Amino acid sequence: MLLQTRGCAPTRLLSPFARLFRPYLLQVWGRRSCNVAAIMPEAAGFQGVSDFSELQEFSVSDSESFWAAAARHRLSWTRPFHAVQDCDLRRGKIKWFDGGKLNVSVNCLDRHVHVCPERVALIWEKDEPGSEVKVTYRQLLETTCRLGNLLRRRGVRRGDVVTIYMPPCPMAVASMLACARIGAAHNVVFAGFSAEALADRIRDAQSSTVVTANQGVRGGKVTELKKTVDAAVRSCPSVQQVLVAMRTDNPVAMTAKDVAVEEEMLSEDVACEPVAMESEDVLFLLYTSGSTGPPKGLVHTQAGYLLYAALTHRYVFGYHDGDVFGCVADIGWITGHSYAVYGPLANGGTTVLFESTPLYPDPGRYWETVQRLKINQFYGAPTAIRLLLKYGDHWVRKYDRSTLKTLGSVGEPINTEAWEWYHRVVGDGRCAVVDTWWQTETGGICISPRPSDPDAEIVPGMAMRPFFGIEPVIMDPEGKVLTSKETSGALCIAQPWPGMARSIHRDHQRFVETYCQPYPGYFHTGDGARRSKEGYYKITGRLDDVINVSGHRIGTAEIEDVVNQCGAVAESAIVGYSHDIKGEGVYAFVVLKKGVEVDEADLSRQLKDMVSKKIAKYACPDFIQLVQVLPKTRSGKIMRRVLRKVAEQEFNGLGDLSTLDDPAAVQKIIQGRRDSGAK
Ligand code: PRX
């Protein structure tokens with residue numbers, strides 16, 4: 001007997017007989033149901049759901065039925081799952097699709113090769129304009145299989161972690177998918193990270209295999225990737241082999257550990273038996289910054305992550321079969337994972353791998369690429385939009401952008417001016433602009449204006465509506481859910497969803513403490529948000545000591561750690577401040593050791609050099625202000641709130657300073673800020 005009045009009956013309520021005939025029942029219910037089913041076939045069985053907001057409500061109130069239907073519809077399973085979810089957010093226990101087995105590379109490749117082998121899977125937009133390379137599904141499967149066999153022959157086993165240090169290119173995607181095929185986890189490290197940052201990540205991941213390229217090419221400049229790997233590997237005893245692919249024709253010195261990928265792949269078979277993985281086996285690690293401690297390797301698993309990436313890719317951007325999807329993020333970030341690789345490939349789409357920069361060879365690069373590749377959805381970062389709008393409209397208007405349908409924004413708040421320019425100039429006022437909020441931890445987009453009725457309003461600069469299955473809540477500092485519509489506070493998510501990270505590699509306790517304990521029973525995002533009276537969400541920024549430079553996350557503690565290693569420095573405090581282009585810039589307050597005198601310009605050069613060597617260029621301080629003492633409470637805690645205000649040149653309203661150990665110190669810091677004249 002069906003107990004529900006609306007929505008499809010949850011699997012647990014169905015008799016074994018009904019369960020057997022579920023696909024048929026879904027079809028029958030579908031005939032009676034709504035027009036959303038035409039847009040979203042998964043919704044065909046959900047009774048009484050007749051528009052997007054009802055579907056959103058349904059996906060939250062009966063999330064098991066929603067995700068079960070989506071998982072059956074969107075993924076190919078080797079063995080069906082027997083439980084939709086088994087989660088307890090309080091304890092950090094998150095399990096989806098238990099009992100199910102599948103292979104992610106089969107879902108991203110083989111099933112499309114069976115239907116349309118010659119469809120283009122990847123368009124590699126190389127740094128050199130006009131030299132794009134198209135790779136079909138058949139070719140990508142072949143390369144993936146050869147690489148999978150090579151990895152297997154060289155001893156990589158199920159459960160091993162392979163570190164990939166490569167720019168966006170087909171070989172990098174094939175490496176990710178080859179790992180997935182043989183059951184290894186990948187750990188892609190952004191190829192802009194320094195040797196030390198790479199070494200930290202290799203050591204934490206305990207990788208014995210690294211895949212890299214001889215060199216990288218970006219913005220017309222060559223970077224020495226293999227040399228960086230050589231330097232990193234010297235302090236990584238776990239590494240036994242480095243697979244080196246050739247991005248340029250320039251030979252590099254090879255050591256006994258190195259393997260020439262292209263040569264060795266030739267002798268490998270073009271078929272590679274995929275491993276049937278459990279839903280909750282690890283698919284990849286991806287390191288990201290926290291407010292304290294070293295970068296954490298967030299763990300994403302197989303089925304839930306892939307499903308969520310696929311579904312959000314299709315419905316947030318309105319992706320249709322045959323479209324060309326242009327996500328210009330690097331594959332070293334979660335955006336590149338979910339929307340340059342896994343989401344589009346799971347959907348059998350054509351995805352662009354963008355290797356260049358927005359300014360190379362000139363500020364028209366994005367739009368010339370849109371014209372040449374006929375891109376339908378363009379997904380980029382506000383920092384690039386702010387940069388490009390300064391160069392003027394003509395760099396956009398000279399190219400044909402009539403193929404564009406959706407414009408996406410990600411990684412940081414998009415200010416109204418940039419949003420409007422994106423909409424009016426780039427999109428000619430006719431494309432939906434979707435400001436998408438999410439995190440490495442969430443696996444995929446959680447809040448964005450779509451999916452919703454295609455005619456529903458989109459408010460500039462607002463992420464707006466939760467995605468299916470996402471229930472955002474806003475909390476006050478005491479952990480009380482704020483129920484009134486118009487409110488602001490800490491953004492949490494009230495129930496688990498399949499795309500969320502499962503753990504921190506080798507430190508589950510840190511995962512629980514960071515995400516599950518601050519507001520027990522809720523997923524803690526670390527971001528603040530405001531909800532409008534219409535119920536739309538606007539992200540107001542981080543509430544912790546993480547800053548966001550050009551859409552890249554960095555913990556202030558990580559930079560302080562490097563700055564404090566400088567011989568002349570006694571201590572430092574790093575804060576973010578508003579930056580015209582980068583969103584946030586890095587501001588360093590530095591106290592010198594007693595008796596030390598330095599030339600400020602020399603110190604600044606030295607500190608920038610250290611940060612770029614130990615972390616990456618993007619983390620370098622823009623301003624360094626020497627101060628005699630840092631403002632601290634009597635218990636010795638740096639009052640960052642005050643320093644943030646000073647960096648912003650907001651000298652009034654510094655708040656309560658009575659707990660400061662030495663309130664007079666603040667006046668000296670303010671004077672120093674005034675004297676520096678820095679903007
Ligand atoms: O502060 C939020 C900001 O980026 C953080 C996540 O960074 P990361 O894990 O590197 O992932 C970036 C790509 C998803 C968030 O905690 N952020 C991301 N998207 C937005 C945003 N801030 C405002 N608006 C957004 N649309």
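**Exercise 1.** Determine how the residues of the shell around the ligand divide into nonpolar, polar and charged.

*Solution.* Begin with the criterion for the shell, by which a residue belongs if one of its heavy atoms lies within 4 Å of the ligand; in this predicted model, 17 residues surround the ligand, and the closest are Asp 435, Thr 440, Asp 527, Arg 542 and Arg 553. Next apply the classes, in which Ala, Val, Leu, Ile, Met, Phe, Trp, Tyr, Cys and Pro count as nonpolar, Asp, Glu, Lys and Arg as charged, and the others, Gly among them, as polar. The shell then divides into six nonpolar, six polar and five charged residues.

Residues are numbered from 1 along each chain as its sequence is written, and side-chain values use heavy atoms, with hydrogens and water left out. Because the model is predicted, local features need pLDDT of at least 70 and side-chain atom pairs count only at pLDDT 80 or more, whereas totals for chains, interfaces and linings use all residues.

**Exercise 2.** Identify polar atoms of Asp 435 and Thr 436 that lie close to nitrogen of the ligand, and state how much of the ligand the protein covers.

*Solution.* Taking a polar contact as a pair of N or O atoms within 3.5 Å, start with Asp 435, where a polar side-chain atom lies 2.7 Å from a nitrogen atom of the ligand. Continue with Thr 436, which places a polar backbone atom 2.8 Å from a ligand nitrogen. Finally, of the 540 Å² of accessible area (Shrake-Rupley method, 1.4 Å probe) that the ligand has on its own, the protein covers 96%.

Technical notes. Polar contact = N/O pair within 3.5 Å; in protein donor to acceptor, adjacent residues only side chain to side chain.
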